[in-house]
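User: I should like to work through a protein model by asking about its parts in turn. Please show the sequence and the structure before we begin.

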Amino acid sequence: MLLGLSTNLAKQASELALSPLAFLFWSLGGATLLLFILAIWRGQLPPVNQRTLEYYGVSALVGVAGSNLLFFSAIAHIGAGFVALVITLPPLLTYLGALALKVERFQLVRAAGVISALVGAMILAVHKLATPNVDVGWVLLALLGPVLLAIGNLYRSLRWPVGVSSEALAPGMLAAAVMLLLGISFLPGFTLAVPTLGISTFMLIAIQAAIFAGQFLLLFLLQKSGGPVLLSLLGSVGALFGVPVAILMQGESVPQGLLPGALLIGAGIALLNIGKMRQHA
């Protein structure tokens, strides 16, 4: 739910003339502060050593700063509804990566799920690309986001520092993401400036900060207990909230090919889960 709401808040930010980088930087900064307060309260501050610094940096680049900057930037050009649907792709890419890295073994039911969901995603992408005046570049950039998320899902599981809790890792990763975004702000064409810090802008950033804090804390808890493929299903569940909100509250049109695309993606996710249950049976 938090993931689905996040994509729609990014559209609200663009309507308030907040740049994607500024909105992401300040809301992630707030989320980092919230998670550090929680870590101090629980006595689980992020450890700082060569191993954890690498973990924070890589996780932040692919799973937070890079992917979210792509998504938040694309929303203003191709809509929150389409981006919410694109975020359903990481389960498939994560599963393929897990097969390649031999984290999982091949199973026909799960492979059928991957094919079904990929066909569904292709239907949505083809319809979007066929829309008059669509910005093809932003569609392709939005499709790069799930690749980064899938890499992040696998990396966080495979490189999890031994003996470190999820409550300690989450603020460390977000702090690294904030530093990366700060570095990007020095590049030409980027800014962290907030045009008008009125009550609506402040509230939007504060709400997004709370959403990010909850989202990434839950992400690490699920990563620890369920593994990378199960974790990546977050995007598919997020779309169940994000797409209707974009249509009903943001006034976006229903994405072309939504019904067949969503059905095929849903069938793919179901097959992935059925295969997982059989694997453990």
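User: Which residues form one aromatic cluster together with Phe 23 and Phe 72?

Analyst: This is a predicted model, and its aromatic pairs come to six by the rule of ring centres lying within 6.5 Å. Two of the rings, those of Phe 212 and Phe 216, have centres 5.7 Å apart and planes at 35 degrees, so this pair is tilted. The cluster that contains Phe 23 and Phe 72 is completed by Phe 212 and Phe 216.

User: By about how much of helix H9 are Phe 212 and Phe 216 separated?

Analyst: Phe 212 is buried, with a relative accessible area of 0%, and Phe 216 is buried at 1%. An α-helix has 3.6 residues a turn, so residues three or four places apart point the same way. Phe 212 and Phe 216 are four residues apart in helix H9, and their separation is therefore about one helical turn.

User: Which type of aromatic pair do Trp 160 and Phe 220 make?

Analyst: The two ring centres of Trp 160 and Phe 220 are 5.8 Å apart, and the ring planes stand at 70 degrees. Planes over 60 degrees apart count as edge-to-face. The pair of Trp 160 and Phe 220 is therefore edge-to-face.

User: How many residues apart in sequence are the parts that Trp 160 and Phe 220 tie together?

Analyst: Trp 160 lies in the loop between helix H7 (136-158) and helix H8 (166-184), whereas Phe 220 belongs to helix H9 (residues 199-231). Trp 160 counts as buried at 12% relative accessibility, and Phe 220 counts as buried at 0%. Because of where the two residues lie, the pair ties together parts whose distance in sequence is 60 residues.

User: Which element gives the largest share of the largest nonpolar core?

Analyst: The largest nonpolar core has 56 residues, and among the members that touch the most others are Phe 23, Phe 216 and Phe 220. Two or more residues of this core come from each of H1, H2, helix H3 (50-78), helix H4 (80-86), H7, H8 and H9. The largest share, 11 residues, comes from H3.

User: How many residues does the second, separate core have?

Analyst: In soluble globular proteins, nonpolar side chains tend to be buried together. Apart from the largest core, this model has a second one that includes Leu 85, Ile 265, Ile 269 and Leu 272. The size of this second core is 13 residues.

User: How many salt bridges does a search of the whole structure find?

Analyst: One salt bridge joins Arg 42 to Glu 167, with the closest N and O atoms 2.8 Å apart. Another joins the side chains of Arg 159 and Glu 54, at 2.6 Å from N to O. For the whole structure, the search finds two.

User: Is Glu 167 buried or exposed?

Analyst: Arg 42 lies in helix H2 and its partner Glu 167 in helix H8, so their salt bridge ties together parts that are 125 residues apart in sequence. Arg 42 is partly exposed, at 41% relative accessibility. Buried means under 20% relative accessible area, and Glu 167, at 16%, counts as buried.

User: How many residues apart in sequence are the parts that Arg 159 and Glu 54 tie together?

Analyst: Arg 159 is partly exposed, with a relative accessible area of 32%, and Glu 54 is likewise partly exposed, at 30%. Arg 159 lies in the loop between H7 and H8 and Glu 54 in helix H3, so the distance in sequence between the parts they tie together is 105 residues.

User: Which residue takes a positive phi just after H1?

Analyst: Most residues other than glycine have a negative phi. The loop between helix H1 (2-15) and helix H2 (20-42) contains a residue, Ala 17, that counts as exposed at 52% relative accessibility. With a positive phi of about 65 degrees although it is not a glycine, the residue in question is Ala 17.

User: Which element has the lowest mean pLDDT?

Analyst: The chain averages a pLDDT of 83, and 90% of the residues score at least 70. Among the elements, H2 has the highest mean, 94. The lowest mean, 69, belongs to helix H10 (residues 234-248).

Terms used. Residues are numbered from 1 along each chain as its sequence is written. This is a predicted model: local features need pLDDT of at least 70, side-chain atom pairs count only at pLDDT 80 or more; totals for chains, interfaces and linings use all residues. Side-chain values use heavy atoms; hydrogens and water are left out. Rings of Phe, Tyr and Trp (its six-membered ring) pair if their centres lie within 6.5 Å; planes under 30 degrees apart count as stacked, over 60 as edge-to-face and the rest as tilted. Buried means under 20% relative accessible area, exposed over 50%, partly exposed in between (1.4 Å probe, protein chains only). pLDDT is the predictor's confidence in each residue, from 0 to 100. A nonpolar core is a set of buried Ala, Val, Leu, Ile, Met, Phe, Trp, Tyr and Cys residues joined through side-chain atoms within 4.5 Å. A salt bridge is a side-chain nitrogen of Lys or Arg within 4 Å of a carboxyl oxygen of Asp or Glu.
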